[in-house]
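Biologist: Could you take me through a close look at one part of this model, and then set beside it whatever else can be said about the fold?

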Amino acid sequence: MIQATIRNKDKSTAVLDLPMGKYELASALESIGIRMSTRDIRAGVERNGISVQYSADNDLGHHLLAIFPDDICLDDVQHTASMVENAHPAIREKLEQHILQDQCGAIRDLPDDIRQMLVDASIAHETYYFPLTGRQWDEEYGSEIEISAWSLYASEDKIRERFEEYLDGDNMAAYYTEAGAEKLLLTDWGFAEFDDELYGSVSVYLTEPMTEEEEASLKKWIRGQNSDGLGEGFEQQPIELDEGELYVSFWHDGDDYYIKSKNEMDEYLGMASPQMGGM
């Protein structure tokens with residue numbers, strides 16, 4: 001789809017067909033002596049003698065190139081090419097026509113365009129909720145303190161902003177391979193408010209409703225992502241507040257941890273529907 005021609009300061013050159021695997025890309029760069037972050041390799045900018053130029057081998061690639069900014073980094077090109085090439089079969093043709101007809105105004109709009117296509121293609125939707133925990137360094141006592149769900153709610157805007165930066169538009173549905181995977185179009189991690197307290201949420205969009213067995217597998221997978229996958233990465237991301245750095249976890253090892261559907265959550269809290277907010 002997209003070819004990246006990368007030259008090192010000693011004139012050694014690599015021609016890469018994008019998208020490619022993360023480790024394959026790193027290995028290809030290292031083969032010509034480049035150990036720089038792909039975010040620092042930019043079109044039109046020579047840094048440390050390293051330069052990159054992009055070309056396309058089909059119409060789809062040419063139309064993608066047209067929405068790239070002049071100084072686009074290799075990381076963004078790789079990510080964009082991957083989103084298009086690995087798009088869900090339910091929207092692939094529509095997405096390709098969207099690009100070929102120049103309906104995408106800018107590269108930053110493409111993740112939202114893809115997300116909306118997936119939502120439009122779904123015929124079933126469910127949202128799951130889970131408790132959040134927070135921790136913050138207390139300078140006065142020289143130790144970490146636990147932050148309540150109410151205090152997290154007070155910092156909601158900053159938490160959302162940091163999470164969107166961290167997730168970078170990724171659709172985690174691509175990583176689900178258990179029972180009912182063929183029904184899953186989109187998993188949209190985000191946050192929800194119940195009675196001035198902040199909770200985590202996952203909105204799930206499907207081609208058809210899941211069976212009880214499939215839903216149990218999905219909940220187990222969400223729990224695993226919260227503890228050892230997506231959530232584990234996010235809890236290491238500092239959120240800058242006036243009071244210091246805040247860290248938010250999507251999982252804890254207590255017996256009171258849960259993944260609940262909307263109906264289960266309403267029954268659990270005895271409340272009306274939450275105010276949602278996702279990616």
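Modeller: Two strands are taken to pair if DSSP finds at least two bridges between them. The model is a predicted one, and the part I have chosen is strand S3, which spans residues 51-56. Strand S1, residues 2-7, is joined to S3 by six bridges, and the two run antiparallel. Within this pairing, alanine 4 has tyrosine 54 of S3 opposite to it. Tyr54 also belongs to one side of an alternating pattern: together with Val52 and Ala56, this residue points to one face of S3 and is buried. Ser51, Gln53 and Ser55 point to the other face and are not buried.

A buried residue also occurs in another strand, S5 (residues 133-138), which contains glutamine 136. Its relative accessible area is 10%, and because buried means under 20%, glutamine 136 counts as buried. A polar atom of the glutamine 136 side chain lies 3.4 Å from the backbone oxygen of glycine 244. Beyond neighbours within four places in sequence, the contacts of glutamine 136 include Ser143, Glu144, Ile145 and Ile147, as well as Leu241, Glu243, Gly244, Glu245 and Leu246.

Among the helices, H3 (residues 74-85) and H5 (residues 110-121) have axes that come within 11 Å and cross at roughly 15°. Angles under 35 degrees count as roughly parallel, so H3 is roughly parallel to H5. Their crossing is left-handed. Thr80, Met83 and Val84 of H3 make the contact with Leu110, Pro111 and Ile114 of H5.

Definitions and conventions
Residues are numbered from 1 along each chain as its sequence is written. This is a predicted model: local features need pLDDT of at least 70, side-chain atom pairs count only at pLDDT 80 or more; totals for chains, interfaces and linings use all residues. Side-chain values use heavy atoms; hydrogens and water are left out. Buried means under 20% relative accessible area, exposed over 50%, partly exposed in between (1.4 Å probe, protein chains only). Helices (H or I, at least four residues) and strands (E, at least two) are DSSP runs, numbered from the N terminus. A polar contact is a pair of N or O atoms within 3.5 Å; within protein, one must be able to donate a hydrogen and the other to accept it, and residues adjacent in sequence count only if both atoms are side-chain atoms. Contact means heavy atoms within 4.5 Å. Axes are lines fitted to C-alpha atoms, for helices over the stretch in contact, and angles run from 0 to 180 degrees between N-to-C directions. Angles under 35 degrees count as roughly parallel, over 145 as roughly antiparallel, 65 to 115 as roughly perpendicular and the rest as oblique. A crossing is left-handed if the near helix is turned anticlockwise from the far one by less than a right angle, and right-handed if clockwise.
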